[in-house]
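Hi everyone, thanks for making the time. I'd like to walk you through one model today, from the overall shape down to a few residues. Here it is on the screen.

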Amino acid sequence: MPETVLQPALEAPGKSRKSPRSILLWAVVALLGGVAWGVLALARGEEISAVWLVVAALGSYAIAYRFYSRFIARRVLEPDDRRATPAERLEDGVDFHPTDRRVLLGHHFAAIAGAGPLVGPVLAAQMGYLPGTLWIVAGVIFAGAVQDMVVLFLSMRRDGKSLGQMARDEIGRAGGAAALVAVFAIMIILLGVLALVVVNALAHSPWGTFSVAMTIPIALFMGFWMHRVRPGRVVETSLIGIALLLLAIVGGSWVQNSSLASTFTLSPTTLVLCLVGYGFVASVLPVWMLLAPRDYLSTFMKIGTIALLAVGVVVAAPVLRADAVTDFASSGAGPVFAGSLFPFLFITIACGALSGFHALVSSGTTPKLIRKESQVRLIGYGAMLMESFVAIMALIAAATLEPGLYYAMNAPAGLLGDTAQSASHAVAGLGFTITPDQLIQAAKAVEEQSLIARSGGAPTLAVGMSEIFSGVFGGTAMKAFWYHFAIMFEALFILTTVDAGTRVGRFMLQDMLGNVWKPVGRVNWKPGIWLCSALVVAAWGYFLHTGATDPLGGINQLFPLFGIANQLLAAIALAVCTTVLVKSGKLRWAWVTGVPLAWVVAITFTAGWQKIFSGDPRVGFFAQRAKYADGIDAGQVIAPAKSLDDMHAVVTNSTVDGVLIAVFLVLVAVVIVNAGVVCVRAVRAPGVLPASESPYVESRLDVPGQAGEELVGARS
């Protein structure tokens, strides 16, 4: 297929891409990254600055984006900017709308960057900083960013179809039906857990609740300003939005110390109702009105805070206090989560390296908004690299804490007890030291009543961020401010994923029900939109309410299920991508998605098998169920349960988790086997098998400044 390659924007017309200046630049980047990785790999016992982690990650990201993502775009995908995208052909002002690439990058990043890159790496710090760093960086370069980019491109070529519908069209009826059910069910679990993290972060926090709530009217204002009042004025709208966001943050501090505090001090159950209502409204309003500008606005908060954190790390140069590799990595007896490094490190980190949830966004809202095909490289691959850097910063925040404090915050309450004395004694039993006075002072410094057993990752990250920020901006007196700022930042970070995910879920349900009754599948049929949106929020709202009212803490039961389900979803996405590449005659490039598919299948099915069949109650769901069921029969209350009702809750949750994982494994196995059959048939077939790609339509959309920015493949 002949192709026309336009000059990259960073290179002047007429100059060679391999100019001495370019070669020198990338040689320096490679050298810095190599030195940083060498320091991290060879360090044995001496203190290591967190700066080396930042340098190693950024150097790797730069090289991967410049060379590997360009290779995929040019050789594997072959985008064509002369071809009209669904945003142009199907524009309806609701779901399909050509969006400025800067706004869309912000929306996509905000939609994919949820709890995973913040919470997962913090929990995985139990294994040491080196294994997590290696997986976060290598995983995103060769798996996570590849998945996001390829799924986005394939969905864009198919009128923005969902992942489940693409599986049905490309793999076949049996595999497609299994994929549709698995993808939708897994997505509901993921949204419920993401929303639960928000509830836990905002419950009884007037500062965070007010600041997050104010982003909604600010986003509505930005949407109308940019779409109706001053169309196309992105920079102007951005400046106004940033100013209003800063006012909302400052206002949250004022609200917390005013008579309005009680109004914004909400219980978990009240927050559940608020989130369910918001999810419904966000999924039915036109995307330009609330979703895109709100996510774009949130991106400033996300990127700004992470960039500020990176500056703080470079300036303060905190020392990594965690070991490079801990004993828990091999023993599997860690107090934060049980299980050995393989496979549970990869399941726990999840979103920072590879996330199946991203495939839902890449085949949901984003392909319906992208203006030009070549922008999939920036938006798909680039946004995932940004999320991976968030995961690196979260890992640094956890690894720079004193290990004694880390385990006092993340070990279960049943091990630590309720007092500083009991927690200190329990941590000593793990091989680390922290005195009761140190625990009391750590809580006092951030104006919290206690930091003991604050599991889930979010409080640990907030403490780590407050340590780094206060070391550069304001000193010890500012620790409390930075801690509560970080809590609010995390809640905002995650909430944007919930609203985008709900809309994606509505798209998926419409696609599924549209196979039964065609009117429901039409994206512009209002009754179908309202019905499917209500069903989606009711489904994840049920799991959210169950988790928020669980006496043992819903996150403890749901997060392992979240990690495995998320990676199984990635396996489905990569199977679809590999199948389409083989069917379209690109067998020679199928390894690009085939290799990460093989890896994620290996780690996820191993983890799922252990969670189902392990005889260790700390690992296996059914072993845990049997332990607590025996306790109920004997009339005993086993910690961390505090009553027989809690015991029954553990039995129920363990049973549900185990059954769901078994069902998910079977469904994904059906998808992969069917995909393999289709690939074999495609290889043996004399011609290219039929695909579901939409017909070519010439683009009439002119995008100023687009020419020369990306590689563009011409039609054959």
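Let me start with a question: how does the radius of gyration of the protein chain relate to that of a compact globule with 716 residues? For that many residues, a compact globule would come out near 27 Å, and the protein chain has 25 Å, so the two agree. Please keep in mind that this is a predicted model. Along its principal axes, the C-alpha trace spans about 75 × 55 × 55 Å.

What is the secondary structure made of? The protein chain has 28 helices and zero strands. As for how the chain packs, 59% of the 716 residues are buried. If you take contacts with a separation of 6 or more, 83% of them involve residues 24 or more positions apart.

Now the surface and the charges. About 26,700 Å² of the protein chain is exposed, and carbon and sulfur atoms supply 65% of that area. There are 49 positive and 43 negative side chains, with the centres of the two sets 10 Å apart.

Let's go inside. The largest nonpolar core holds 205 residues, and within this core Leu-163 and Trp-540 touch the most other members. Helix H8, residues 173-202, gives the largest share of this core, with 20 residues. Apart from it lies another core, of seven residues, including Tyr-628, Ile-638, Met-647 and Val-650.

So which residues does Leu-163 touch? Leaving out residues up to four places away in sequence, Leu-163 touches Val-183, Ala-359, Leu-360, Ser-363, Leu-569, Ile-572, Ala-573 and Val-576.

Leu-163 also belongs to helix H7, residues 163-171, which is mostly covered: seven of its nine residues are buried. Among the buried ones in H7 are Leu-163 itself, Gly-164 and Met-166, and also Gln-165 and Glu-170. After H7 comes Gly-172, with a positive phi near 125°.

One last stop, at Ala-602, which sits in helix H26, residues 591-613. Is Ala-602 buried, partly exposed or exposed? Its relative accessibility is 33%, so Ala-602 counts as partly exposed, given that buried means under 20% and exposed over 50%. Ala-486 is 116 residues away from Ala-602 along the chain, and their C-alpha atoms are separated by 35 Å.

That's my tour, and I'm happy to go back to any part of it.

Definitions and conventions: Residues numbered from 1 in each chain as written. Predicted model: local features only at pLDDT ≥ 70, side-chain atom pairs only at ≥ 80, totals over all residues. Heavy atoms only, no water. Helix = DSSP H or I, 4+ residues; strand = E, 2+ residues; numbered from the N terminus. Rg over C-alpha atoms; globule rule 2.2 N^0.38 Å. Buried < 20%, exposed > 50% of the residue type's maximum accessible area, 1.4 Å probe, protein only. Contact = heavy atoms within 4.5 Å. Areas by Shrake-Rupley, 256 points an atom, 1.4 Å probe, with all protein chains shown as cover. Lys, Arg positive; Asp, Glu negative; His and termini not counted. Charge placed at Lys NZ, Arg CZ, Asp CG, Glu CD. Core = buried A, V, L, I, M, F, W, Y, C linked by side-chain atoms within 4.5 Å.
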